[in-house]
Amino acid sequence: MTTGTLESQWQYRTPKQRLLRWVGWFWLVALTVFCWQVMTRDTIWAFVTDAPRQAADIGGRMVPPAWGYINTLWEPLWDTLNIATLGTLLGVIIAVPVAFLAARNTTPSVYLVRPVALLIIVASRSINSLIWALLLVAIIGPGLLAGIIAIGLRSIGFVAKLLYEAIEEIDEKQVEAVRATGGSGLQIIDYGIVPQVLPTFWGISVFRWDINIRESTILGLVGAGGLGLQLQASLNVLAWPQVTMIFIVILATVVLSEWVSARVRQAVL
Amino acid sequence: MTASSTPESNAPRPWKRPPALFTHTGWRRTIYIGALVYLVLAVQSIEVDWMRVYEGLERGWRFVQGFLVPDFTSRWDDIQAGLIESLTMTVTSTVAGILISVPIGIGAARNLTPMPVYLLCRAIITVSRSFQEIIIAILLVAMFGFGPFAGFLTLAFATIGFLSKLLAEDIEACNAVQIEAVRATGAGWWQVVNYAVQPQVMPRLIGLSLYRLDINFRESAVIGIVGAGGIGATLNTAIDRYEYDSAGAILIIIIAIVLLVEYSSSHVRRWVQ
């Protein structure tokens, strides 16, 4: 009863925690303000204040969409679908062995092989497919092949990462049971591990295919074929109604592929 | 089949694993044949100029060499400028994106908001999610001019769709008992959000924000290709000039920063949760 009312009042955090939080927030705000100032140092504000007018102008040019233009878009659309599908296929074919080499319980060597496999995964994951496409177009020339390889290279990291995590989380008892029958290393993988990760594998692959459809629609911007090529051509001549039409086609494709992938994943998982 | 049905064969018959997928034989065959036909058609649609590929292989080799022996020095000023643009763009757009997406995320949670607000917020999320960063960047560059400001807007816009959606799902998955308990004390809507919802979703919100910071940096390396500033523009220039050693250096820097952000964010996430 002798303690003052101030001390007896319940508080969620100790003074030290509060101070730490305050300092943390302070630094976050300071960092943001600093970054903002560095970033906008070269910004020409006249362009920014002019933006609503520009937006209205472009918006006005974009409608109505050039509906007739769709007839020239069927072939790029087919190309886009092929880039995504074949690219996913290529990525998956490479990703599966990489995943088995990267998983702690299937890798031949934790100290030698696993780091290499992880490095492949990281390198593939940190570079966007558009950058891969940029490189490949410079190396093997513009066209579908560059797009397919770019999508494939980007998919390796994604598929392998999720797959090796799934392999590491399997039920070891089944592996032990197969081993107890005298199964060899490959048989253990085939009968003990593959059935356990197969649904996940299909789920990951279809998920990646869905993402790849999205990405392949714009790969053409750097010359790797598909809808992006048409987009670039239309943008270059400022044919905004055609651009709108391409956006509509891209949107429809993306929505459709998302629906397909959701259905397939629902069926598989 | 016949061997197993006769009683005298005691020898273990070879077991065949049943198919895991498409258990119906007819469907399986249809799907396999369909896939094969598609593959043939798709592969035929690729037109490869093998001479061009052959010529390019030498360039590819030079790129590999450039990647192994990267040149950080000769274009360092450009690389530095691009990096600073990318990093500042990443931080500001993530912060701005979070600030906007928290109210939208709360608005898109069915258990906290009335129907009209819910529909409006869901519509914003759908619009933001259905367009890719690159496409948004093209439009914003056309409106706001070249440079990191357009990139900042692009990334902030893309952040809204990502964060709000996951935040809304998280709020909807909240423990309803705690919300009811706080509401039973006579708390208003703000107090419910502050005392019942916020403590439940805060760790995950911080985790998602850090994850988005990571994504925003990666994307900031890409949107430069269409003129929205950042390291992507530098990389694009380097490749256009066939300076593969500088391009290799830039790629190595990107990979290193992504790794750094990923590791530190996973540490912070573990610490928070």
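What percentage of the 273 residues in chain B is buried? In this predicted model, buried residues account for 46% of the 273 residues of chain B, where a residue counts as buried when its relative accessible area is under 20%. The accessible surface of chain B amounts to about 14,900 Å², and carbon and sulfur atoms contribute 66% of that area.

Chain B contains 11 helices and 0 strands, so that the order of its elements, read from the N terminus, is α-α-α-α-α-α-α-α-α-α-α. Its radius of gyration is 27 Å, whereas a compact globule of 273 residues would have a value near 19 Å. When taken along the principal axes, the box filled by the C-alpha atoms of chain B is roughly 80 × 65 × 35 Å. Among the contacts in chain B with a separation of 6 or more, 75% join residues that are 24 or more positions apart. The side chains of chain B include 20 positive and 20 negative ones, and the centres of these two sets are 12 Å apart.

The largest nonpolar core comprises 87 residues, and the members that touch the most others come from chain A, namely Leu130(A), Ile131(A) and Leu231(A), and from chain B, namely Ile134(B), Phe144(B), Leu251(B) and Ile254(B). The element that gives the most to this core is helix H7 of chain A, spanning residues 129–140, with 11 residues. For Leu231(A), when residues up to four places away in sequence are not counted, the residues touched are Leu221(A), Val243(A), Ile246(A) and Phe247(A), together with Ile138(B) from the other chain. A second core, separate from this one, has 25 residues, including Ala99(A), Ala102(A), Leu163(A) and Phe201(A). In soluble globular proteins, nonpolar side chains tend to be buried together.

Helix H10 of chain B, which covers residues 231–240, is mostly covered, with 7 of its 10 residues buried. These buried residues are Ile231(B), Gly232(B), Thr234(B), Leu235(B), Asn236(B), Ala238(B) and Ile239(B). Within chain B, the buried residues of H10(B) pack against helix H4 (76–107), helix H9 (189–220) and helix H11 (244–272), and they also pack against H7 of chain A. H7 of chain A is thus a partner of H10(B) as well as the element that gives the most to the largest nonpolar core. After H10(B) comes Tyr242(B), which has a positive phi, near 60°.

Conventions
Residues are numbered from 1 along each chain as its sequence is written. Chains are lettered from A and ligands numbered from 1 in the order in which they are written. This is a predicted model: local features need pLDDT of at least 70, side-chain atom pairs count only at pLDDT 80 or more; totals for chains, interfaces and linings use all residues. Side-chain values use heavy atoms; hydrogens and water are left out. Helices (H or I, at least four residues) and strands (E, at least two) are DSSP runs, numbered from the N terminus. The radius of gyration is taken over C-alpha atoms; the globule rule is 2.2 Å times the number of residues to the power 0.38. Buried means under 20% relative accessible area, exposed over 50%, partly exposed in between (1.4 Å probe, protein chains only). Contact means heavy atoms within 4.5 Å. Accessible areas come from the Shrake-Rupley method with a 1.4 Å probe; for residues, only the protein chains shown count as cover. Lys and Arg count as positive and Asp and Glu as negative; His and the chain ends are not counted. The place of a charge is taken as NZ of Lys, CZ of Arg, CG of Asp or CD of Glu. A nonpolar core is a set of buried Ala, Val, Leu, Ile, Met, Phe, Trp, Tyr and Cys residues joined through side-chain atoms within 4.5 Å.
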